[in-house]
Protein chains: 2
Amino acid sequence: MTKTAEVILFPRNARTPAQFQQWLATVLQTFQDYLVTRGLTLTHQREAVLRCLMAAQRHLSLEDVYAEARRKDRTIGRATVFRTLRLLQECGLVAEVGSTDGRARFELKADRPHHDHMICVECGRILEFESPMMERFQDEAVKRHGFVALWHRHEIFGRCAACRRLRGRAS
Amino acid sequence: MTKTAEVILFPRNARTPAQFQQWLATVLQTFQDYLVTRGLTLTHQREAVLRCLMAAQRHLSLEDVYAEARRKDRTIGRATVFRTLRLLQECGLVAEVGSTDGRARFELKADRPHHDHMICVECGRILEFESPMMERFQDEAVKRHGFVALWHRHEIFGRCAACRRLRGRAS
DNA sequence: ATTGATAATGAAACTCAGTTTCATTGAGTG
DNA sequence: CACTCAATGAAACTGAGTTTCATTATCAAT
């Protein structure tokens with residue numbers, strides 16, 4: 001299987017600095033609210049991890065977040081990043097997404113409405129797409145089986161337009 | 001409203017012994033054909049791994065296959081099971097499916113038409129379902145982005161009807 | 001401020017599924 | 001038979017993920 005070095009996120013919708021601040025405040029508040037219900041506090045390390053994810057233009061792995069956070073604070077540890085990512089997943093702010101290199105990657109769910117992923121096996125690029133119709137039929141299928149969905153993962157692996165143009169259609 | 005045709009395929013549709021033999025022969029032939037193109041041979045160990053997967057009534061992990069194969073042949077090794085599973089994936093006979101316990105699990109793709117999975121986070125049960133409508137909208141989305149799909153993974157994690165009845169709706 | 005309780009932390013150790021190494025076996029060919 | 005090379009299993013290795021543990025930070029109650 002192809003070993004891709006990096007997962008690239010398609011550029012997110014632009015945000016003005018003011019919009020970003022607004023968004024930041026909201027998300028931080030959400031996180032803090034969750035922490036409070038657990039008797040925990042929003043420390044500067046926890047905030048740093050969340051800020052990394054919010055500023056990132058791509059899906060980050062634990063190691064990515066660790067390296068990035070460490071650039072600003074030499075003392076932050078892997079363990080804290082790990083534990084914070086777990087907290088963020090528990091409160092629903094962050095989700096793990098698929099990757100082609102065996103490392104878990106994370107994205108902010110609060111960022112954009114629900115979307116699925118197309119992952120290029122050639123270059124590792126991740127294309128995000130929405131399909132309300134698919135969501136609808138999924139909901140229907142789930143209900144039909146008496147199931148209650150908590151989260152889902154829909155990843156299509158294949159070859160993106162750019163890679164097909166470059167290398168032709170041959171496998 | 002369009003009616004989606006979903007089918008619960010687990011437990012799988014019964015096969016008569018004769019039908020099973022027919023199926024077995026076909027699948028083994030497919031595997032051997034692939035091996036030949038690579039200058040490899042269908043050894044009894046490789047056949048054993050494939051037979052385990054075909055006989056199984058559930059999704060097996062590497063360790064499951066190893067234990068099962070070892071029941072019949074004390075000498076078979078983990079490494080061979082691992083390598084055979086890789087070969088089976090390469091030739092498209094087998095696919096990795098999601099799990100809740102961190103161990104990769106495998107299923108025969110040749111067994112049934114394409115289907116997606118609902119995975120109960122409580123009991124780990126996997127419900128398989130088809131939704132042609134979802135497939136259709138997926139194809140559409142893929143085309144729209146100039147993507148060519150090779151395979152995909154659609155897993156819905158949640159709580160199955162039985163577990164909800166048992167434990168109530170509380171999280 | 002001082003104390004005591006407890007949350008939080010980072011470095012390092014540990015886990016374990018997954019993967020590779022390597023010496024040996026086996027199957028096929030000339 | 002000798003030669004080649006695929007195939008194998010045991011054991012060693014890998015590395016992302018996770019836990020441990022000694023230390024530090026926080027904060028409430030003196």
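Which residues come nearest to DNA strand C, of the 18 around that strand? In this predicted model, they are L40(A), T41(A), T43(A), T80(A) and F82(B). Colleagues, I shall begin with this strand, continue with its partner in the model, strand D, and then turn to the helices of chain A.

The surface near DNA strand C draws on both protein chains. Three helices each supply at least two of its residues: α2 (44–55) and α4 (78–90) of chain A, and α4 (78–90) of chain B. The largest share, 4 residues, comes from α4(B). In terms of residue class, this surface has 6 nonpolar, 6 polar and 6 charged residues.

What part of the strand faces the protein? Among the atoms of DNA strand C within 4 Å of the protein, 76% belong to sugar or phosphate, and the rest belong to bases.

Three arginines deserve mention here. A polar side-chain atom of R46(A) lies 3.0 Å from a phosphate oxygen of DNA strand C. From chain B, R103(B) places a polar side-chain atom 3.4 Å from a phosphate oxygen of DNA strand C. R83(A), by contrast, addresses a base: a polar atom of its side chain is 2.9 Å from a base nitrogen of DNA strand C.

I now move to DNA strand D. Here 17 residues lie around the strand, and those that come nearest are F82(A), L40(B), T41(B), T43(B) and T80(B). Of the strand D atoms within 4 Å of the protein, 76% belong to sugar or phosphate, with the rest in bases.

R83(A) appears again at this strand, where an N or O atom in the side chain of R83(A) is 3.4 Å from a base oxygen of DNA strand D. R86(A) has a polar side-chain atom 3.2 Å from a phosphate oxygen of DNA strand D. Chain B contributes Q45(B), with an N or O atom of the side chain 3.1 Å from a phosphate oxygen of the strand. Two or more residues of the surface near DNA strand D come from each of α4 of chain A and α2 (44–55) and α4 of chain B. Which helix gives the largest share of that surface? It is α4(A), with 4 residues. By class, the surface near DNA strand D has 6 nonpolar, 6 polar and 5 charged residues.

Let me now consider how the helices of chain A are arranged. The axes of α3 (residues 62–72) and α4(A) come within 10 Å and cross at roughly 120°. The two helices, α3(A) and α4(A), are therefore oblique to each other, and their crossing is right-handed. On the α3(A) side, the contact is made by L62(A), E63(A), V65(A) and Y66(A); on the α4(A) side, by R78(A), V81(A), F82(A) and L85(A). This contact of α3(A) with α4(A) has 6 nonpolar, no polar and 2 charged residues.

The other pair is α2(A) with α3(A). Their axes come within 9 Å and cross at roughly 110°, which makes α2(A) roughly perpendicular to α3(A). V49(A), C52(A) and L53(A) in α2(A) meet V65(A), E68(A) and A69(A) in α3(A). By class, that contact has 5 nonpolar, no polar and 1 charged residues.

To close, I return to two residues. V65(A) takes part in the contact of α3(A) with α4(A) and also in that of α2(A) with α3(A). F82(A) belongs to the contact of α3(A) with α4(A) and is among the residues that come nearest to DNA strand D. Thank you.

Methods: Residues numbered from 1 in each chain as written. Chains lettered and ligands numbered in written order. Predicted model: local features only at pLDDT ≥ 70, side-chain atom pairs only at ≥ 80, totals over all residues. Heavy atoms only, no water. Near = heavy atom within 4 Å. Polar contact = N/O pair within 3.5 Å; in protein donor to acceptor, adjacent residues only side chain to side chain. Nonpolar A, V, L, I, M, F, W, Y, C, P; charged D, E, K, R; others polar. Axes fitted to C-alpha atoms, helices over the stretch in contact; angles between N-to-C directions. Parallel < 35°, antiparallel > 145°, perpendicular 65-115°, else oblique. Left-handed = near helix turned anticlockwise from the far one by under 90°. Contact = heavy atoms within 4.5 Å.
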